[in-house]
Amino acid sequence: MTSRHPSRFPYAPGSDGTPRLSYGADYNPEQWPRAVWEEDVRLMREAGVNIVSLGIFSWARLQPAEHTWDFGWLDEVMDLLHEGGIRADLATATASPPPWLTTAHPEVLPVTATGETVWPGARQHWRPTSPVFRTHALRLVRTLATRYAGHPALAAWHVNNELGCHNVYDYSDDAARAFRAWLRARYATLDALNDAWGTSFWSQHYSDWEQILPPRLAASHPNPTQQLDFKRFSSDALKDHLRAEREVLREITPDVPVTTNFMVMPGIKGMDYADWAGEVDFVANDHYVVPGPQDRDELSFSANLTSGIAGHRPWFLMEHSTSAVNWQPVNVPKRPGDLARDSLLHVAHGADAVCFFQWRQSAAGAEKYHSAMVPHAGPDSEVFRAVTGLGRTLRALAPVAGSEREPARVAVLFDWDSWWASEQDSHPTSRLAYHREALDWYSALLRLGIRTDVVPAHRTDLATYDLVIAPVLHVVPAALAKELTHYVEGGGHLVTTYFSGIVDENDHIWLGGYPGALRDLLGIRVEEFGPLPDGESVALDNATTGTLWTDRITVTAPDVEVLARYRTGAYAARAAVTRRTPGRGSATYVSTRLGADGLTGLLPELLAPAGVTGELPSAAAGAVELTVRRDAANRYLFLVNRTDEPVALPGLTGDVLAGPAADDGLVLPPREVAVLRQPRPER
Ligand code: GLA
Ligand code: GLA
């Protein structure tokens, strides 16, 4: 599946030349007097830090006026880091345009759907499609790259920062022009666009490209395909900015790998990272835990999906937090042990770098209450002790660097098009939450102790999996329907849910009854959707409860078995969960939202025909998350205690690279992680 040591990952060589895991943070020395920098480097060494992301928000300091440059301070920081043996993931510094630029060129400022200007004062106040912004940004990139090409501390380039975090949707005139150009490239003719957008509806027929606008504030629901295409366009516009910066960097420093930090998180849906992953030399991700009942399941899901979009090659955790953040309504600190466990869960899913936002907690500015590696209290603190402890653990895990993730037998498909389209307005319900449904399935698999890969729907060889779960796979182009049919005919086991297979890539309904493109494969037909009002639920005869959605299902194929029926509600006695078994494969349909609890009850019945079972002793299943990495010689078992209780793992042996000794049977303390190395069996 992958090669060891992907050439473009910025590994720090250990003393014997073999790669190490990277460890570090965003470093913002410009917030501190010169005297602090030397202490920073000393403490970084103490903590085991070997890489920092530098200069992310430094534009105004590097270029204080259009024709004035000031690199002296950054030269000094780069040199100090190098002397300390610390390398730099050097930012292109284009994330936050300086006041001189936005004063001279207010036309770079984004515009909202309601026509308001997004003013400077925070960060990322730039239009992705502004030619003026692009020119100034690329001049900065070129100047920086030329200056630091060949600097021994330079390990990688960090394009901008979290592209699209605040500015993914811009409705300005620049955006309108770029949207038209994007649409021309997609559709070539106005007839094709009119057809795709269904403009016969509500008198929307276009007779000139110039008439087309972004979906700005409208009198009622804007055209759904226009909305969907605007989402695709907006993701592409930022990708285009990434490419533009990358091309300058590659021209000047062809040997330095280029990345940008993705945000694979439930609250961020604007960027199709499966589509972006091919644009960077190594995938980097940022992740923040939002406390809640499924919070660590979501961390695992995010890390797993990041690995999926990285093709299961090692990726770089660019940011997470040592403790509390500052941007939630209530910012709760992490509990003891969580800092290390959260970090190692990312490593378990293929991260070969663990970095935090940020190195030293700010004394001023909007993020002064956001935790850091060196907190306000200073190095004499629990957080800094946990930070140095993690540094030691990561050093001990050096043998893992460069190893790939061993594929699981079960996959959960994730699809940005379906996320975007299924949650648009004017639908059967506005309550559908795409990511939540996918996460519920993943939580249930974790509770059952089933190792799973979360992978992008369109870039995965399904045949490598015994069971493929496709929650709310709403957008199913003809080619995908064919691929799924082929998978099942080849003996694969497919599970899908309500509101799947409904539309094609233009958001047009597949006619003839739902679930449209998947109707024949599933052997069922639905004439009307039965979404449930808030607070209503239905009982199923398998002791689970459905909310959100129901379907009035008619079974149409002889080889369909009804796995569960509705016991209550409008469709009582009708099928709720069905399974068709053409040949050795199967196609299962779950017509309601069962939630993580219900799915935990249902899943064993879906895993059985695929022959999938847990790999851990049954007493530990659910309490411990297992992931496996491997190289040519070894397997590395990551065992993560998900609970607040000790968990015994009898019978597991191997060299302990991290965690408690396993001499007389491994016992994992609450919230702790063990990493075992075992020789890889001969195949
Ligand atoms: C993002 C940004 C950082 C910082 C953190 C705070 O990830 O990239 O600059 O704002 O959020 O959580
Ligand atoms: C109104 C409008 C129709 C249609 C319906 C939908 O009655 O006149 O065009 O939009 O609402 O309920």
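This is a short talk about the ligand site, one aromatic pair and some backbone details in a predicted model.

I will start with ligand 1. Where does ligand 1 sit? Ligand 1 is in the largest pocket. The residues around it are Phe57, Arg123, Asn161, Glu162, Asp286, Tyr288, Glu319, Trp327, Phe357, Glu367 and His370. Sorted by class, that shell has five charged, four nonpolar and two polar residues.

Now the polar side chains at the ligand. From the side chain of Glu162, an N or O atom is 2.5 Å from an oxygen atom of ligand 1. For Asn161, the distance between a side-chain N or O atom and an oxygen of ligand 1 is 2.8 Å. For Tyr288, the corresponding value is 3.5 Å. How much of the accessible area of ligand 1 does the protein cover? On its own, ligand 1 has 310 Å² of accessible area, and the protein covers 97% of that.

Next, the aromatic rings. Searching the whole structure gives 38 aromatic pairs. I will show one of them, Phe282 with Phe316. Why is this pair called tilted? The ring planes are at 40°, and tilted is the class for angles that are neither under 30 degrees nor over 60. The ring centres are 5.7 Å apart. This pair links distant parts of the chain, with the two positions 34 residues apart in numbering. Phe282 is in the loop between helix H9 (273-276) and strand S9 (284-286), while Phe316 belongs to strand S10, residues 315-319.

Last, the backbone. As background, most peptide bonds are trans, and most residues other than glycine have a negative phi. Here are some exceptions.

Phe357, listed earlier around ligand 1, is joined to Gln358 by a cis peptide bond with omega near -10°. Gln358 lies in the loop between strand S11 (351-356) and helix H12 (382-396). The bond from Tyr514 to Pro515 is also cis, and its omega is near -5°. Pro515 is in a loop too, between strand S16 (493-497) and helix H16 (519-522).

Then there are positive phi values. Trp202 has phi near 55°, and Trp202 is not a glycine. Look for Trp202 in the loop between helix H7 (190-197) and helix H8 (224-252). Leu548 has a positive phi as well, near 70°. Leu548 is in the loop between strand S19 (545-546) and strand S20 (551-555).

To go back to the start: ligand 1 is in the largest pocket, and Phe357 beside the ligand begins one of the cis bonds I showed. That is the end of my part.

Conventions. Residues numbered from 1 in each chain as written. Chains lettered and ligands numbered in written order. Predicted model: local features only at pLDDT ≥ 70, side-chain atom pairs only at ≥ 80, totals over all residues. Heavy atoms only, no water. Near = heavy atom within 4 Å. Polar contact = N/O pair within 3.5 Å; in protein donor to acceptor, adjacent residues only side chain to side chain. Areas by Shrake-Rupley, 256 points an atom, 1.4 Å probe, with all protein chains shown as cover. 1 Å grid on protein atoms, 1.4 Å probe; cavity = no way out; pocket = protein on both sides within 12 Å on 5 of 7 lines; lining within 4 Å. Sits in = over half its atoms within 2 Å of the grid points. Nonpolar A, V, L, I, M, F, W, Y, C, P; charged D, E, K, R; others polar. Phe/Tyr/Trp six-rings, centres within 6.5 Å; stacked < 30°, edge-to-face > 60°. Helix = DSSP H or I, 4+ residues; strand = E, 2+ residues; numbered from the N terminus.
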